[in-house]
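Me: I'd like to go through the labels on this predicted model and see what each one rests on. Can we start with the ligand?

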Amino acid sequence: MISLSLMTSNPGKLREFRHELSSLGIEVTKSSEDCEEIQAETLEEVVRYCLKDLKRRKIRDVMIDDSGLFIDSLGGFPGVYSSYAFKTLGCKGILKLMDRLDDRKAHFSCCIGCLLRGGKEIIVTEGVKGRISAEERGSQGFGFDPIFVPDGESRTFAEIGIEEKNPISHRGRAIRAFAITLTGKVERTK
Ligand code: IMP
């Protein structure tokens, strides 16, 4: 059994990691550690900075997830500011910003970083394309799930729920890519 902890205060992220990794025999606990939030231009920069910090503090077997929603007609906003934008504007504020915009294309991106015992690092980034809905729909998931409709769907992430979200989402894809790399790198405990 491999055991890793996830550094997050977001129960939705933790649920999605557990859902995807438990079937692979990877236990995910919640880490109480934290990293200083830096303002960077990409998700990967944020993750790399945090991994460096963890290394310095000798913290191992911890995963980090930095994600964001990028809206084409808003020049990629909120992107790396997604967490702040969700707290201040929320889904309603984003819909208001897009009130008269016809181009509703957007994508979610997720960068996962992990520092393993022995010092090896894994960094993977994956995304999912879609569009911003005209109104909030659904009650499952978290964050911007009620306003994001993935390509090939008519329902939002908040309407389809974790069983259908994980197979196609930015995070589900990143977690699976991460797991493939991990199995080749991990030093197994009993
Ligand atoms: P961070 O990764 O903790 O910096 O947060 C990024 C923000 O993006 C979160 O607060 C959410 O609002 C949003 N976000 C990231 N991933 C998802 C997702 O899978 N669904 C909905 N919103 C998300």
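Reply: Sure. A polar side-chain atom of aspartate 66 lies 3.1 Å from an oxygen atom of the ligand.

Me: What makes that a polar contact?

Reply: The cut-off is a pair of N or O atoms within 3.5 Å. At 3.1 Å, the aspartate 66 pair falls within that, so it counts. For serine 67 it's a backbone N or O atom, 2.9 Å from an oxygen atom of the ligand. Lysine 165 uses a polar side-chain atom, 2.8 Å from a ligand oxygen.

Me: How much of the ligand does the protein bury?

Reply: Taken alone, the ligand exposes 480 Å², and the protein buries 89% of that. The ligand sits in the largest pocket. Two or more shell residues come from each of β3 (62–71), α3 (82–88) and α6 (170–185).

Me: Which residues are closest, and how does the shell divide?

Reply: 15 residues surround the ligand, with Lys13, Ser67, Asp145, Lys165 and Arg171 the closest. The shell splits into four nonpolar, five polar and six charged residues.

Me: Now the rings. Why is the pair of phenylalanine 108 and phenylalanine 157 called stacked?

Reply: The structure holds four aromatic pairs, this being one of them. Its centres are 6.1 Å apart, and the limit for a pair is 6.5 Å, so the rings pair. The planes are 15 degrees apart, and under 30 counts as stacked, so the label fits.

Me: What parts of the chain does that pair link?

Reply: Distant ones: phenylalanine 108 is in strand β4 (residues 105–115) and phenylalanine 157 in helix α5 (residues 157–168), 49 residues apart.

How values were computed: Residues are numbered from 1 along each chain as its sequence is written. This is a predicted model: local features need pLDDT of at least 70, side-chain atom pairs count only at pLDDT 80 or more; totals for chains, interfaces and linings use all residues. Side-chain values use heavy atoms; hydrogens and water are left out. A residue is near a molecule or strand if one of its heavy atoms lies within 4 Å of it. A polar contact is a pair of N or O atoms within 3.5 Å; within protein, one must be able to donate a hydrogen and the other to accept it, and residues adjacent in sequence count only if both atoms are side-chain atoms. Accessible areas come from the Shrake-Rupley method with a 1.4 Å probe; for residues, only the protein chains shown count as cover. On a 1 Å grid over the protein atoms alone, a cavity is a set of points where a 1.4 Å probe fits but cannot get out, and a pocket is an open set with protein on both sides within 12 Å along at least five of seven lines; lining residues have an atom within 4 Å of a point. A molecule sits in a cavity or pocket if more than half of its atoms lie within 2 Å of its grid points. Helices (H or I, at least four residues) and strands (E, at least two) are DSSP runs, numbered from the N terminus. Ala, Val, Leu, Ile, Met, Phe, Trp, Tyr, Cys and Pro count as nonpolar, Asp, Glu, Lys and Arg as charged, and the others, Gly among them, as polar. Rings of Phe, Tyr and Trp (its six-membered ring) pair if their centres lie within 6.5 Å; planes under 30 degrees apart count as stacked, over 60 as edge-to-face and the rest as tilted.
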